[in-house]
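Let's take a walk through a protein model together. Have the structure open beside you, and pause whenever you want to find a residue for yourself.

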Amino acid sequence: MKIFLRSFGCQMNKLDSNLVVNSFLQGGFEFTEEVGEADVVLVNTCSVRNHAEERVLSLLGHMKHIRKTNPKLIVAVFGCMAQRLKEDLLNHPVVNIVCGPMQIPELPRLVNGAIENTKKQKAVSENIRQKAESEILSTLDDFEQDFDSVEENLPAQAYVRVMHGCNNFCSYCVVPYVRGPEVSRPAEKIITQIKKLTDAGVKQVTLLGQTVNSYKTEKLSFADLLYAVSKIEGVEWIKFVTCYPRNFDERIFQAIIDLPKVCRYLHIPAQSGSDRILKAMNRGYTCEEYLEIINKAKEIVPDIAVAGDFIVGFPGESDEDFRKSAELIEKAQYKNSYIFKYSPRPGTRADEKLADDVPNEIKKQRNIELLAVQEKISEEINKTFVGKTVKVLVDGTSKKGHLDSANGKELPQLIGRTAGDFIVVFDGPANLAGQFVDVNITRASALTLFGEKK
Ligand code: SAH
Ligand code: SF4
Ligand code: F3S
C-alpha cells in the first residue's frame with residue numbers, strides 16, 4: 001500500500017506529520033511522491049487562516065479527478081481543520097476519513113478500516129476544551145515517544161513538543177479550539193525522548209509550544225527545562241518557539257547566557273503595536289510592556305536575534321493603529337517578521353463580536369508596507385554579518401541557485417541556518433547536510449546571508 005502525504009501549517013503539524021509517517025512505515029505502508037501511484041492520500045491541515053483551509057479544499061477538489069482513475073483511493077484528512085469542521089468535512093464527497101490532531105495515533109487503524117470496508121470513518125474530539133490533562137498526555141505522549149525521529153527534510157534536526165494546546169484565547173485565533181487546553185509534558189518524558197533522538201544522530205532540537213515560555217510542571221519551569229535539556233550529551237543546539245510576551249520569566253534570558261547550547265534567538269510575536277488593538281485581540285499586554293521584554297532580553301543577551309509576527313487589518317485597525325505597528329518594528333529591530341492579513345475564523349470571539357471592517361485592499365497594502373519596513377531593517381541587520389564567520393547547521397541543497405560563483409556549476413548550493421536562525425546559502429557538497437560548517441559571509445540581502453565555506 002502506497003501513501004501520498006501533504007502537510008500544511010506550523011511546526012506542530014510538521015512534527016505530527018513526521019510521527020504519522022513513522023507510524024505508517026511501521027505498519028508496513030510505503031510512501032510515494034506521485035499522487036497517481038497512491039492507494040491512500042493523507043492531508044494534514046491547518047485552520048489558522050481561511051487561505052490555509054482553501055488550499056486543502058482545492059487539493060481535495062484535485063483528488064476528485066484522481067478518484068476517477070482510481071476509485072479505491074482512500075482520502076484521509078487530519079489535523080486542525082479536521083477538528084474544526086468534523087462531519088462537514090466528512091460529508092465532502094472525496095473524503096473517507098476525518099481525524100483530529102488528538103486522534104492521530106488512531107490514523108493507521110482508521111485507514112485500515114477504510115480499506116476493508118468503504119464506510120466513512122471519523123475520530124475527532126467532541127468537547128476538546130473539556131479534555132482532561134491526563135487523557136491528552138496518555139494518548140499523545142506514547143505516540144510521540146514511539147514514533148518521533150529526525151525531522152523529514154531537516155537532517156540532524158528534530159522538533160520536540162513540550163506543550164500541547166493553548167489557553168490564551170487571543171480573540172482572532174482558532175488554535176485553542178482545535179488543539180485543546182494547554183498541557184505541559186512531563187520533563188522526564190521530554191528528556192528521555194531527546195536522548196533517544198541524539199542517539200539517532202540529532203544535533204539540534206527545537207522545543208515546540210504555542211506559548212513555550214509558559215511551560216510549567218510541578219517540578220520545572222521553562223528555564224529549568226532549558227538547563228535540563230542542555231545537560232544531554234549529543235545535543236548541540238537548542239531552539240524553542242513560540243514565546244508569548246506575557247509573564248515572561250527573565251530566568252529564561254539568564255539560561256540563554258549560561259547555556260552555550262541554547263540558541264540566541266527569540267520568536268516573540270507582538271501582533272500589533274497599538275494598545276487599543278492589542279486589547280481587542282485579548283493579548284494581555286501593552287506595546288510598552290512588550291518592548292520592556294525585548295529590551296530586557298537585549299540587555300541580558302546583547303546579541304539575541306528577535307523575530308516577530310504581526311496581523312494587519314484586525315477589526316477597527318485605523319491608519320494610526322497601523323502606524324504604531326510599523327513603529328514597533330522599528331523599535332524592536334526584528335531580524336524578520338511574519339506578517340498576516342487578518343482572517344476571521346468562525347467560532348472565535350473576534351469573528352463573533354467584531355465586524356471584519358478593514359477592506360481587503362487596505363489589508364493588502366498594509367501588509368506590503370509593513371513588509372517593506374521590516375525588509376529594510378532585516379537588510380541592515382544582515383549586512384552586519386558581512387566579513388564575519390558564522391556557524392551554520394546545513395539543512396541540505398537549496399532549491400534554486402542564489403550565488404554566482406566560478407565553481408558553482410559543479411557544486412550544489414547549500415542552505416542552512418545559524419544559531420540566531422539566519423538563513424545562509426553557500427557552495428558545497430551535498431553530503432554536508434546535517435553537519436555544522438563555518439561560513440565566511442561575503443554578501444547579504446534582506447532574506448539571506450551568502451558566503452563561502454571556510
Ligand atoms: N502561538 C503562537 C502563534 C500561533 S498562530 C503565538 O501566540 O505567538 C501563528 C500566527 O498566525 C500568529 O502569531 C498570528 O500572527 C497569525 N494568526 C493567527 N490567527 C490569525 C488570524 N485569524 N488571521 C490572521 N493571522 C492569524
Ligand atoms: Fe493563538 Fe494566542 Fe494561543 Fe498563540 S497564544 S496560539 S495566537 S490563542
Ligand atoms: Fe498550527 Fe495551523 Fe493548527 S498554525 S496549530 S496547524 S491551526
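A good place to start is helix α15, whose buried residues are Lys363, Arg366, Asn367, Leu370, Gln374, Ile377, Ser378, Ile381 and Asn382. Keep in mind as you look that this is a predicted model. The helix covers residues 360–383, 24 residues in total, and spans 34 Å from its first C-alpha to its last, close to the 34 Å expected at 1.5 Å a residue. What lies over the buried residues of α15? The cover includes the strands β13 (305–312) and β14 (336–341), the helix α13 (319–332), and also β18 and β19.

Two of those covering elements, β18 and β19, are worth a visit of their own. Together they form a hairpin, with four residues between them. The two strands run antiparallel and are joined by five bridges. To see how they line up, find arginine 443, which stands opposite phenylalanine 450 in β19. Strand β18 (residues 436–444) also pairs with strand β15 (residues 389–397), again antiparallel and through five bridges. Here you can look for valine 392, whose bridge partner in β18 is valine 437. While you follow these strands, remember a general pattern: in a regular strand, side chains alternate between the two faces of the sheet.

Now let's turn to the nonpolar interior. In soluble globular proteins, nonpolar side chains tend to be buried together. The largest nonpolar core of this model has 122 residues, and the members that touch the most others are Leu42, Leu207, Leu225, Leu226 and Phe240. Take leucine 42 as an example: apart from its neighbours within four places in sequence, leucine 42 contacts Ile3, Phe4, Leu5, Arg6, Val20, Phe24, Ala76, Phe78 and Val111. There is also a second, separate core of 25 residues, and Ala38, Val56, Val77 and Val124 are among them.

Is a polar residue such as glutamine 193 buried or exposed? Glutamine 193 counts as buried because its relative accessibility is 1%, and the cut-off for buried is under 20%. This residue belongs to helix α8 (residues 187–199). Leaving out residues up to four places away in sequence, glutamine 193 touches Glu144, Gln145, Asp148, Val160 and Arg185.

Next, look at the ligands. Around ligand 2 you will find Cys166, Asn168, Phe169, Cys170, Tyr172, Cys173, Val175, Pro176, Gln210, Thr211, Tyr244 and Arg283. Sorted by class, that shell holds eight nonpolar, three polar and one charged residues. Ligand 3 has Gly9, Cys10, Asn13, Cys46, Ser47, Val48, Cys80, Arg179 and Gln210 around it. Its shell is made of four nonpolar, four polar and one charged residues.

Finally, zoom in on some details of the backbone. Valine 241 and threonine 242 are joined by a cis peptide bond, with omega at about -5 degrees. Threonine 242 sits in the loop between β11 (237–241) and α10 (251–258).

Another loop, between α6 (133–147) and β7 (157–161), contains asparagine 153. Its phi is near 70 degrees, a positive value in a residue other than glycine. Alanine 156 is found in the loop between α6 and β7 too, and although it is not a glycine, its phi is positive at about 70 degrees. How do their surroundings compare? Asparagine 153 is exposed, because its relative accessible area is 69%, whereas alanine 156, at 9% relative accessibility, counts as buried.

How values were computed: Residues are numbered from 1 along each chain as its sequence is written. Chains are lettered from A and ligands numbered from 1 in the order in which they are written. This is a predicted model: local features need pLDDT of at least 70, side-chain atom pairs count only at pLDDT 80 or more; totals for chains, interfaces and linings use all residues. Side-chain values use heavy atoms; hydrogens and water are left out. A residue is near a molecule or strand if one of its heavy atoms lies within 4 Å of it. Ala, Val, Leu, Ile, Met, Phe, Trp, Tyr, Cys and Pro count as nonpolar, Asp, Glu, Lys and Arg as charged, and the others, Gly among them, as polar. Two strands pair if DSSP finds at least two bridges between them. A nonpolar core is a set of buried Ala, Val, Leu, Ile, Met, Phe, Trp, Tyr and Cys residues joined through side-chain atoms within 4.5 Å. Buried means under 20% relative accessible area, exposed over 50%, partly exposed in between (1.4 Å probe, protein chains only). Contact means heavy atoms within 4.5 Å. The expected span of a helix is 1.5 Å times one less than its number of residues.
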